[in-house]
There are 2 protein chains.
Amino acid sequence: MTISGELFIGEERVSTEESFRAVNTTLAQCIEPAFSTAAATHAAAACELAWSAFDRFRNLDAGLRAGFLEAIAAQILAVGDELLIRAQAESGLASARLTGERARTVGQLRMFADELRRSDWEGVRIDPAIPDRQPVPRPDLRLRRIPVGPVAVFGASNFPLAFSVAGGDTAAALAAGCPVVVKGHPAHPGTGELVAQAIIAAARETNMPNGVFSLLNGRDNALGGALVANSRIKAVAFTGSRAAGLALTKIANARAEPIPVYAEMSSVNPVLLLPTALSDGAKRLGREYVASLTLGVGQFCTNPGLVLAQEGAGLDCFIAAAIGALARVAPGVMLTPGIHRAYQQGVERVARSPGVSLLARGADSDVVHGGRAALFATSAAAFLSNAEIGGEVFGPASMVVRCAGEAELLRVLEQIEGQLTVTLHMTDSDLDLAARLLPVLERKAGRLVVNGWPTGVEVSPAMVHGGPFPATTDGRSSSVGTIAMERFLRPVCYQGFPDVLLPKSLRTR
Amino acid sequence: MTISGELFIGEERVSTEESFRAVNTTLAQCIEPAFSTAAATHAAAACELAWSAFDRFRNLDAGLRAGFLEAIAAQILAVGDELLIRAQAESGLASARLTGERARTVGQLRMFADELRRSDWEGVRIDPAIPDRQPVPRPDLRLRRIPVGPVAVFGASNFPLAFSVAGGDTAAALAAGCPVVVKGHPAHPGTGELVAQAIIAAARETNMPNGVFSLLNGRDNALGGALVANSRIKAVAFTGSRAAGLALTKIANARAEPIPVYAEMSSVNPVLLLPTALSDGAKRLGREYVASLTLGVGQFCTNPGLVLAQEGAGLDCFIAAAIGALARVAPGVMLTPGIHRAYQQGVERVARSPGVSLLARGADSDVVHGGRAALFATSAAAFLSNAEIGGEVFGPASMVVRCAGEAELLRVLEQIEGQLTVTLHMTDSDLDLAARLLPVLERKAGRLVVNGWPTGVEVSPAMVHGGPFPATTDGRSSSVGTIAMERFLRPVCYQGFPDVLLPKSLRTR
């Protein structure tokens, strides 16, 4: 496949004067070709086309939309190794990781296709008429959920396949019946274009209306702002920094018609080491922790950035094991020079914070843009007096908070902001303590993990990848799993309709 | 029961220096007693108490919460005629209407109790572990929905029972497991206190934690603002004006932790008269329309404030019948002097709009604060050129828009803002046209009614009382029916939990 550097406004390819190139972070050099930069007029054209496709797209039999999603999966696989090679050049991620990520991407699309073929995604409810009810008859009432309208999807840097152009948000929105306008992440435009070509080919193959998908590129915040402000866009899905997520939310709230923004922003994913778990397996836990922390150079939303435990010999042993493991982890190349720079600055900022001590750094090497792990410790008192200590540093950096006892642990937990996950390491002997902590943990996170690690997000019906603000802008939602589709649906009630005028899924016959 | 005029901060009664009195709108005179006005400190105390009750309340067996809701229903009925008499004095609503509204209020509470006794309100999903899955095992994942936290409920003036202190929002929030702090509507504080006493008695009787319910009164916007801004409040439910709803939303969005506001604000509930329906039954439709328009002096969110039809003999006949019927409707007393004033000003404003003609007024009388019906007409061209013509005038005022044909009807429909309802009058001969209009109608409203009238909102599982902005601030939700509970729930995933630590509803054994 040729990478043209063009924008895709529906099936139309557009090139512009202004352009940018991707960077091979590993080699610290630009990669060809040049990518056209979308202007506000391109955003408007893509949104208008998405709107024009909306009614036809949403009224297609769900089985046809399922076929479209499956065709996208097949077309992505058909791109072959070229996709993985380009993604590796643009992201620095290892080939094995990208192969797994492609499988996840294809799996997500197929999962939503399966979901569409089941009948219950519309949430149908039927209250039959009761003509002889007193004092007034009850009319026939039938409810289904319909899609909200075109969705603007912002690709994430850390999942160039699974949370980008044809990632989880795009799959969920298309499944719901919403046309999608993607703002591609500028770190991986070539990967994005290859995937866009796969989507366009799948749309043609399955006879989808033109405009069901567009891809716009650009490095300027104005492009994203123009998309979110466009009156044809009815919801936004975003994964990235808190600053960017909040900026988009502000634009969405200021519209004549405000719209929901599902922004997944930041999380430090606290890990609680309960006393018996620590005394039974501190060394193993220390090693596992470092493996989770440094997986993918720490560039996961669910990276364990905070450890809470009661001080004592068990915690000392855990820390010693972690330091030992950390020394053996060579720094991997980070996703982009910008992320690498922000990581270094973040580590320096934390190291300077009052009451924080640097316990260890990971192994050093001369890899360009390498993210060298960093392990910090602080006291509960210092943590409680400075909320910034617990903030996210995107990358393999983590903080151990030593607590004096249960009461202090609870105070620290209560201060922590909303999270994607909280993890508990425990044995049966810790059960009573775990039960006392649980009500707090439930209020803090979207997913609670026992005796595992937060990295590794299963794509399945019971998954929740979300959580209270500021982990996300909408704690009632999840961006992973079948439940992610609900973000793009709203209920409509049909009262007293003749059967023939009802949508098929609501008909009696 | 004595009406004390006190605030209820949980079970504690508080009186303050500053006070106000209710007004008997019919007699245009104040009613005793004086009602204490809550200050910011009272709002803070109520929110803190709600927070302290939250974990215990939400972790009660759902059956116990169901018992609480049923006890509230029983206690409200036990207040007896005194409640109806006070509500009539404070609202001007007729006794029969209030008797029906009380039945609805009690019915709503019992409906949520029934819902709680079913297992599926938590939305449980279970993905069992697959230990031997390659390349990595699948962990055990279990999802349920938990309540978001304390909810601030703003009572509505037009339903002193069914959408006020123990109305639909309170019932839905309590059912979900959220403590409630009610900001009572200052138009009916005595009614509010009688209901609050019933709730407090029910909470004691069923041993609910103190703080599960509070009632604050005041006439100042600052009180509502303080509630919405309080960090212990995690969601807001509101029914009222667009200005007030948007003001509260702005406060909620500006919080350190933004929270969802479910504001039901304004709707003109368009009624479409399709050609054959008009030619077959114009006279009957005209009479039915006026009955719906003037029901409850037009003070319903679902009042038919806009009629769209193709011009011609059928429409002329409909209008003539409506004018005739209108002349026989005596003006009823409106809810408050303020609403009466706003209605009169609204009618005058519409009458002065370019291109609008006043077709008829309802019968006149010297009833104090009487809402005299008003019927207007305009052309599609005038309507399209001035969006304000279609705005809500709360009360028995309505506008007929004459359209030249289907294309113009569609243009008018596309311009209309989000609505709670859209109604179609049609016969089998109108089916093709109705099918062409349906995609637009679905995008515009939460409930579509065929051959009925929008007033009369069934409380049942398939009901949607919501709709796209500005009908509500969150078109993904409904404030009536069992689905209303979903507004106050969020999903949590439990990964790898030992059975004994899981919430009961998620346990295997």
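What follows is a chat about a predicted model with chains A and B.

Reader: Hi! Before we dig in, what conventions apply here?

Author: Residues are numbered from 1 along each chain as its sequence is written, while chains are lettered from A and ligands numbered from 1 in the order in which they are written. As this is a predicted model, local features need pLDDT of at least 70, side-chain atom pairs count only at pLDDT 80 or more, and totals for chains, interfaces and linings use all residues.

Reader: Thanks! How many residues does the contact take from chain B and from chain A?

Author: There are 50 residues from chain B and 50 residues from chain A in it. Two residues are in contact if their C-beta atoms, placed from the backbone, lie within 7 Å.

Reader: Which elements of chain B give two or more residues to that side?

Author: On the side of chain B that touches chain A, they are strand 5 (125–127), strand 6 (141–147), helix 14 (431–444), strand 20 (445–450) and strand 21 (489–495) of chain B. Helices (H or I, at least four residues) and strands (E, at least two) are DSSP runs, numbered from the N terminus.

Reader: And by class, what does the side of chain B that touches chain A have?

Author: That side has 29 nonpolar, ten polar and eleven charged residues. Ala, Val, Leu, Ile, Met, Phe, Trp, Tyr, Cys and Pro count as nonpolar, Asp, Glu, Lys and Arg as charged, and the others, Gly among them, as polar.

Reader: Nice. What turn lays chain B on chain A?

Author: A turn of 180 degrees with a shift of 0.0 Å along the axis does it, at an RMSD of 0.0 Å. The two copies are thus related as by a two-fold rotation axis. In chain B, the C-alpha nearest the axis belongs to B:N253, 4.1 Å from it. The same surface serves both copies, with 98% of the contact residues of chain B recurring in chain A. The superposition is by least squares on the C-alpha atoms of residues with pLDDT of at least 70 in both copies.

Reader: Let's talk sheets. What is the strand order in the open sheet that starts with 5(A)?

Author: Its ten strands have the order 5(A)-6(A)-21(A)-20(B)-19(B)-12(B)-13(B)-18(B)-17(B)-15(B), and the pairing is mixed. The edge strands are strand 5 (125–127) of chain A and strand 15 (356–361) of chain B, each of which pairs on one side only. From one strand to the next, the twist averages 20 degrees. Two strands pair if DSSP finds at least two bridges between them, and twist and other angles run from 0 to 180 degrees between N-to-C directions, with axes as lines fitted to C-alpha atoms, for helices over the stretch in contact.

Reader: Where do the chains meet in it? How many bridges join strand 21 of chain A to strand 20 of chain B?

Author: Three bridges join these two strands, which run parallel. A:C493 has B:R447 as its bridge partner in strand 20 of chain B. Within chain A, seven bridges join strand 6 (residues 141–147) to strand 21, and this pair runs antiparallel. There, A:R145 stands opposite A:P491.

Reader: Switching topic: is helix 5 of chain B mostly covered or uncovered?

Author: Helix 5 (residues 168–176) of chain B is mostly covered, as nine of its nine residues are buried. A residue is buried if 20 or more other C-beta atoms lie within 10 Å of its own, exposed if 12 or fewer, and partly exposed in between, with C-beta atoms placed from the backbone. After this helix comes B:G177, with a positive phi near 105 degrees.

Reader: What do strand 10, helix 8 and strand 11 of chain B make?

Author: Together they make a right-handed β-α-β unit: with the strands pointing away from the viewer, the path from the first strand over the helix to the second runs clockwise. Four bridges join strand 10 (residues 235–239) to strand 11 of chain B, and the two run parallel. Both faces of strand 11 (residues 261–264) are covered, with B:V261 and B:A263 buried on one side and B:Y262 and B:E264 on the other.

Reader: Any backbone oddities? Which peptide bond ending at A:P135 is cis?

Author: The one from A:Q134 to A:P135, with omega near 0 degrees. A:P135 sits in the loop between strand 5 and strand 6 of chain A. In chain B, the bond from B:F469 to B:P470 is cis too, with omega near 5 degrees.

Reader: And what phi does A:V297 have?

Author: A:V297 has a positive phi of about 55 degrees although it is not a glycine. A:V297 is also buried, with 30 other C-beta atoms within 10 Å.
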